[in-house]
Amino acid sequence: MDSIKEKCDSYKDDLLLRMGLNDNKAGMEGLDKEKINKIIMEATKGSRFYGNELKKEKQVNQRIENMMQQKAQITSQQLRKAQLQVDRFAMELEQNRNLSNTIVHIDMDAFYAAVEMRDNPELKDKPIAVGSMSMLSTSNYHARRFGVRAAMPGFIAKRLCPQLIIVPPNFDKYRAVSKEVKEILADYDPNFMAMSLDEAYLNITKHLEERQNWPEDKRKYFIKMGNSVENDNPGKEVNKLSDHERSISPLLFEESPSDLLPPGDPFQVNFEEQNSPQILQNSVVFGTSAEEVVKEIRFRIEQKTTLTASAGIAPNTMLAKVCSDKNKPNGQYQILPNRQAVMDFIKDLPIRKVSGIGKVTEKMLKALGIITCTELYQQRALLSLLFSETSWHYFLHISLGLGSTYLTRDGERKSMSVERTFSEINKAEEQYSLCEELCSELARDLQKEGLKVAQVEYRRL
């Protein structure tokens, strides 16, 4: 009886790891994890969602059990041989380490929710999420303080935050805003790599070289203050922005961070705009460094869309993505292009912070005592014996702070997809009808891009 109880408790703990609060995400820091997880468990128990998650968790546990049995059979001789092999590979990777590129990851803050708040000011100071009772696509930072996050069923989110407003998605609107952002990004890297509507990678190495010779005028932008701003004395120098002017962002912060506003010279009134008293504009000049370029990009995005973006600057894509999450929302972080700076950053980084390591891989690595990237490196030989070559190669790259510096051009895309999250559907004819609708939408998108396909894949999650 005791063993059955222990097994049930174990499953419960496992489910909490799977469905519970992931406080590695931006906006989730410092929350009452125990309280939130308790609400999640109470809200899901007995539901099909709970049963499905339990089934997945049992499969993961079986994989871990098989892995641990395999580990127990590894001999010290096998481990020594593996260590030599992995270290040779690590040496090759080090010899080819490339620190000459400046890669930027731009990530729009709570994008879908931010667009909805911008277009409906009544939502600005309220917890909102975009999606449905079945599944959420994203949540704003107010909602995240309650533990509400993307990829969470709406019915659970409502238990965590009863006052949560769930807004149905409007992808046509999000695509239009995304297009505006991408037009700005193309000025810095025409071959930028868009990962989705709200994130992209840029290689600004060439732009930085050209920028060193740019005069101030080419790095000068005007701050547009919106129609409600009154300018009683248009000839007067403006030393600081008003609270109203700073609060143009619809996200959860009191004002736009000062890192977007270069210190030193006060802003000057643009006298050419004096004939239009509805609009007050001040000029701002950005510098020539990578950090200044990214501030400029984020500034231009906010000025054009009134939405904010966070960014990461690093020698490769893997690090840049981790960096963009470091000072969210509306912030940026840079790793300098030298090996010591990279290794200092990687040293204590939790593996879950790295893109590509999800909750399943995290749990499997945790079973081996691996939580940080340093531990990932320390166990490199063992990992090469327990995981596929693709997996352990990826782990080694992560532990050395290595990633891609090559951005696949948008024109070189290998796939295109459409997806939707539906409420529960039991009738076969309804499922066929929805599949037909998705196929038609995909066909229209392909036709629009002038693309043909060799294979169509249907994936049900």
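Start by selecting M364, which you will find in helix α14. Keep in mind as you look around that this is a predicted model. Is M364 buried or exposed? With a relative accessible area of 7%, M364 counts as buried, because buried means under 20%. Now add R63 to the selection. M364 and R63 are 301 residues apart along the chain, yet 8.1 Å separates their C-alpha atoms.

**Next stop: the largest nonpolar core**

Select L365, L383 and F387. Among the 43 residues of the largest nonpolar core, these three touch the most other members. To see where the core draws its residues from, color the elements that give two or more to it: α3 (48-72), α4 (76-95), α12 (317-324), α13 (339-347), α14 (359-366), α15 (373-378), α16 (380-386) and α17 (389-399). Then color by domain, with domain 1 covering 29-73 and domain 2 covering 74-97 + 350-408. Both of these domains give residues to the core, so the core lies between them.

**On to the sheet**

Switch to a cartoon view and pick out five strands. They form an open sheet in the order β5-β6-β1-β9-β10, with mixed pairing. Which strands stand at the edges? They are β5 (193-194) and β10 (332-334); each has a single partner strand, so one side of each is left without a neighbour in the sheet.

Select β1 (103-108) now. Six of the six residues of β1 are buried. Show the side chains and look at both faces: I103, H105 and D107 are on one side, V104, I106 and M108 are on the other, and all are buried. As a rule, side chains in a regular strand alternate between the two faces of the sheet.

Follow β1 across to strand β9 (residues 309-314), its antiparallel partner over six bridges. Two places to zoom in are D107, which stands opposite S310 in β9, and V104, which stands opposite I313 in β9.

Turn to β6 (199-203). How many bridges join β1 to β6? There are five, and the two strands run antiparallel. I103 has N203 in β6 as its bridge partner, while the partner of D107 in β6 is E199. That makes D107 a good residue to center on, with S310 opposite it in β9 and E199 as its bridge partner in β6.

Stay with β6 for a moment. Five of its five residues are buried, so β6 is largely enclosed by the rest of the structure. On one side you will see E199, Y201 and N203, on the other A200 and L202, and both faces are covered.

Now step out to β5. Two bridges join β5 to β6, and these strands run antiparallel. Look for A194, which stands opposite A200 in β6. A hairpin of four residues connects β5 to β6.

**Last stop: a cavity**

Rolling a probe the size of a water molecule over the atoms shows where empty space is left. In this model, two cavities of 30 Å³ or more are counted. The second largest holds about 60 Å³ of space. To find it, select its lining: I106, M108, S178, V181, K182, L185, S196, L197, D198, E199 and A200. The elements giving two or more residues to this lining are β1, α8 (171-185) and β6. Which element gives the largest share? It is α8, with four residues. Color the lining by class to finish: six residues are nonpolar, two are polar and three are charged.

Terms used
Residues are numbered from 1 along each chain as its sequence is written. This is a predicted model: local features need pLDDT of at least 70, side-chain atom pairs count only at pLDDT 80 or more; totals for chains, interfaces and linings use all residues. Side-chain values use heavy atoms; hydrogens and water are left out. On a 1 Å grid over the protein atoms alone, a cavity is a set of points where a 1.4 Å probe fits but cannot get out, and a pocket is an open set with protein on both sides within 12 Å along at least five of seven lines; lining residues have an atom within 4 Å of a point. Grid points are joined across faces, edges and corners, and a volume is the space filled by probe spheres set on the points. Ala, Val, Leu, Ile, Met, Phe, Trp, Tyr, Cys and Pro count as nonpolar, Asp, Glu, Lys and Arg as charged, and the others, Gly among them, as polar. Two strands pair if DSSP finds at least two bridges between them. A nonpolar core is a set of buried Ala, Val, Leu, Ile, Met, Phe, Trp, Tyr and Cys residues joined through side-chain atoms within 4.5 Å. Buried means under 20% relative accessible area, exposed over 50%, partly exposed in between (1.4 Å probe, protein chains only). Domain bounds come from an automatic or database domain assignment.
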